[in-house]
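Trainee: Could we go through this model together, with you explaining how each label is earned?

Mentor: Gladly; let's have it in front of us and begin with a single residue.

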Amino acid sequence: MVHTFPMQQICANAWCKQSFESTDEDLAFYRKISPTFAGETFAIPPPTQCFSCRQARRLAYRNERHLYHRSCDLTRKDILSIYSPDKPTKVYEHSAWWSDKWDPLSYGRDFDFSRPFFEQFFELQTAVPRINVNNMDCENSDFCNFSVQNRNCYLLFGALENQDSFYSNRILYCKDCCDCSGIEKCELCYECNDSQRCYQCRDLQNCSHCTDCQLGYNLHSCKNCFGCVNLQNASFCIENVAYSEQEYKELLEKKLSSYEQERKNFQQRKLSAPRKYMDAINTEHCTGNAIINSKNALDCYEVMDLEDCRYLANATFMRDAYDTTHDDHSELVYEAIGSETNFMHLFCDICWYDRELLYCSMCFNSQNLFGCCGMRKSKYCILNKQYSKEEYEKLVAKIIKYMQETGEWGEFFPVCFSPFAYNETLAQEHSPLSKDAVEERGWNWKDEEDDMPDVEKVIEGSRLPADIAAIPDDILNWAIRCEVTQRPFRIMKQELAFYRKFHIPVPHLHPDERHRRRMVLRNPRKLWDRQCGKCSKEIRTSYAPERPEIVYCEDCYLKEVY
Ligand SMILES: [Zn+2]
Ligand SMILES: [Zn+2]
């Protein structure tokens with residue numbers, strides 16, 4: 001068959017039918033990662049679904065922020081887990097899972113050539129114990145997930161080496177930060193997003209190296225700025241006007257006394273300043289958004305240090321990878337999620353330090369596995385059953401041929417077999433659906449109900465005084481009802497101390513609602529064609545044409561802003 005490139009395809013999902021392309025380079029990548037078993041190479045076919053559907057299918061396997069109380073199925077201890085107790089999944093607490101008190105090989109089974117692979121894999125995945133939460137080397141930071149080396153932290157999701165920080169996600173090397181998202185090396189920050197190396201700042205977005213700034217967008221190396229956009233090396237500015245230090249202090253006091261109103265005004269102000277069509281620092285031949293230090297990274301979002309990658313999001317230090325989310329330090333990867341330091345890694349979920357794995361979930365320090373769950377330091381296993389190298393290669397070749405017939409080969413695990421309900425996962429954040437739509441597609445939904453906290457009283461969020469000085473310490477014994485979602489939530493002691501220190505009002509909104517509002521500030525993972533707001537040149541951008549922001553091409557942006 002002769003193709004002309006790029007090859008146009010239609011997404012196989014009946015509810016989508018979006019057209020998408022596979023280029024010559026894409027096909028070369030699929031050839032490069034096509035594995036060889038028993039002397040035969042098995043071509044990875046081009047995808048059958050569009051980028052959004054493929055991403056949602058993977059994200060449906062990642063419950064990042066829903067935690068439940070349940071008991072460990074081995075020790076019977078009460079534990080926190082991302083698997084709710086009503087799920088059939090077997091769950092062990094971290095130390096029990098990593099102990100030798102159980103053997104993943106004892107769950108081994110033969111491949112059945114009369115049933116689909118995914119169905120057999122799902123049964124194995126349900127039977128083999130899973131780790132309650134994905135945390136490593138943390139101290140006093142139980143209410144976290146996908147969290148490594150954190151101390152005294154609470155409700156952090158996707159977090160590395162933080163201290164005394166709360167209610168945040170994608171947060172790295174931070175101290176004393178609260179309600180932030182996508183921040184790195186920050187200290188004493190509140191409500192900051194996609195920012196690096198900021199100190200004592202509040203309500204910043206896309207900023208770096210700033211100190212004592214509030215309500216800022218795209219500020220770099222600024223000090224003492226309030227309500228400013230698109231500034232570099234500025235100080236004592238209010239709404240982009242420079243003042244003397246004395247004038248600034250006087251004006252700032254007035255602004256701070258009506259902070260909530262200023263916050264609303266700033267949302268409008270932000271819209272009047274031009275934006276660059278793509279957020280990128282030190283990139284070469286890249287498309288997507290929020291890309292740092294990368295080369296040949298196409299359709300990538302919120303990534304750093306990539307080379308020759310396409311369709312990645314939330315990934316760092318990756319080479320030769322396609323369709324991967326939440327993956328770091330890996331090479332030759334296709335259709336993977338939640339992975340770390342892998343080589344030749346296809347169709348996997350939460351696998352770390354592995355080589356040549358296909359269709360595996362929660363396997364660590366292993367190589368040459370197919371369709372395995374919960375393996376540690378293993379090789380040549382299929383459905384958790386041990387084989388010799390020769391037997392392994394022969395059987396994998398036979399299984400792939402079978403999967404080519406069933407139409408499963410080349411596809412990631414289907415959403416219906418995820419251990420989570422769709423709305424518990426990041427799929428709901430990036431591709432939100434109603435309960436009806438989820439159930440129509442044969443996927444799982446979980447109705448969320450909050451247990452009413454055992455407290456002295458419940459106070460309406462809308463009735464909380466704006467002045468933190470008017471809040472009694474007693475609030476620690478109450479619950480607050482979110483003024484938008486009506487969900488009850490509580491305040492912690494360290495959190496109250498943080499608000500008092502910075503004269504920040506106690507939040508009126510549930511932590512999940514605060515998270516949702518931060519996510520809305522970020523552009524979607526999608527590109528549109530539109531024109532530069534100044535020279536009308538065609539640009540491809542994550543700002544949809546109907547959005548109100550003024551969007552400029554690279555040249556116009558550089559002329560106007562810097
Ligand atoms: Zn689609
Ligand atoms: Zn232009």
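Mentor: This is a predicted model, and a good place to start is E335, which has 26 other C-beta atoms within 10 Å.

Trainee: Why is E335 called buried?

Mentor: The label needs 20 or more other C-beta atoms within 10 Å. E335 has 26, so it is buried. The residue is found in strand β23, and its phi is near 50 degrees, a positive value in a residue other than glycine.

Trainee: R76 also has a positive phi, of about 65 degrees, without being a glycine. What makes R76 count as exposed?

Mentor: Exposed means 12 or fewer such neighbours. R76 has 8 C-beta neighbours inside 10 Å, so it counts as exposed. You will find R76 in the loop between β5 (68-71) and β6 (78-81).

Trainee: Then why is Q163 called partly exposed?

Mentor: Partly exposed is what lies between the limits of 12 and 20. Q163 has 17 C-beta neighbours inside 10 Å, and therefore gets that label. Q163 sits in the loop between β11 (154-160) and β12 (166-172). Leaving aside neighbours within four places in sequence, Q163 is in contact with R151, N152 and K175. Q163 and I33 are 130 residues apart in sequence, with 40 Å between their C-alpha atoms.

Trainee: And how do you know that E513 is partly exposed?

Mentor: By the limits of 12 and 20 again: E513 has 17 other C-beta atoms within 10 Å, so partly exposed is the right term. E513 belongs to helix α11 (residues 511-520). Beyond residues up to four places away in sequence, E513 touches C482, V484 and T485. The C-alpha atoms of E513 and V333 are 34 Å apart, with their positions 180 residues apart along the chain.

Trainee: Let's zoom out. What makes the chain as compact as a globular protein of its length?

Mentor: The chain has 12 helices and 33 strands. Its radius of gyration is 25 Å, close to the 24 Å that the globule rule gives for 562 residues, so the chain is as compact as a globular protein of that length. Along the principal axes, the C-alpha trace spans about 80 × 60 × 40 Å. Buried residues account for 43% of the 562 residues.

Trainee: Which domains does the assignment give?

Mentor: Domain 1 (7-36 + 43-56), domain 2 (290-365 + 390-414) and domain 3 (458-520). The C-alpha centres of domain 2 and domain 3 lie 41 Å apart.

Trainee: How do you know that the span of helix α6 (residues 259-271) is close to the expected one?

Mentor: The expected span is 1.5 Å times one less than the number of residues. For the 13 residues of α6 this is 18 Å, and the helix reaches 19 Å from its first C-alpha to its last. Within α6, E262, F266 and K270 are buried. Residues three or four places apart in an α-helix point the same way, because there are 3.6 residues a turn. The cover over the buried residues of α6 includes β16 (214-220), β17 (223-232) and α5 (245-257).

Trainee: What makes β21 (280-284) and β27 (385-386) edge strands?

Mentor: Seven strands form an open sheet with mixed pairing, in the order β21-β22-β23-β24-β25-β26-β27. β21 and β27 each pair on one side only, and are the edge strands.

Trainee: How do you know that β25 (residues 367-370) pairs with β26 (residues 379-382)?

Mentor: Pairing takes at least two bridges. Three bridges join β25 to β26, and the two run parallel. L369 stands opposite C381 in β26.

Trainee: Last one: which residues touch the most other members of the largest nonpolar core?

Mentor: Of its 80 residues, A297, C300, V303, L312, C360 and C372 do. The largest share of this core, 20 residues, comes from β23. Domain 1 and domain 2 each contribute at least three residues to this core. Apart from residues up to four places away in sequence, C372 touches C360, C363, C381, L383 and N384. A second, separate core has 44 residues, among them C189, C201, F236 and Y248.

Definitions and conventions:
Residues numbered from 1 in each chain as written. Chains lettered and ligands numbered in written order. Predicted model: local features only at pLDDT ≥ 70, side-chain atom pairs only at ≥ 80, totals over all residues. Domains from an automatic or database assignment. Helix = DSSP H or I, 4+ residues; strand = E, 2+ residues; numbered from the N terminus. Rg over C-alpha atoms; globule rule 2.2 N^0.38 Å. Contact = placed C-beta atoms within 7 Å. Core = buried A, V, L, I, M, F, W, Y, C linked by C-beta atoms within 7 Å.
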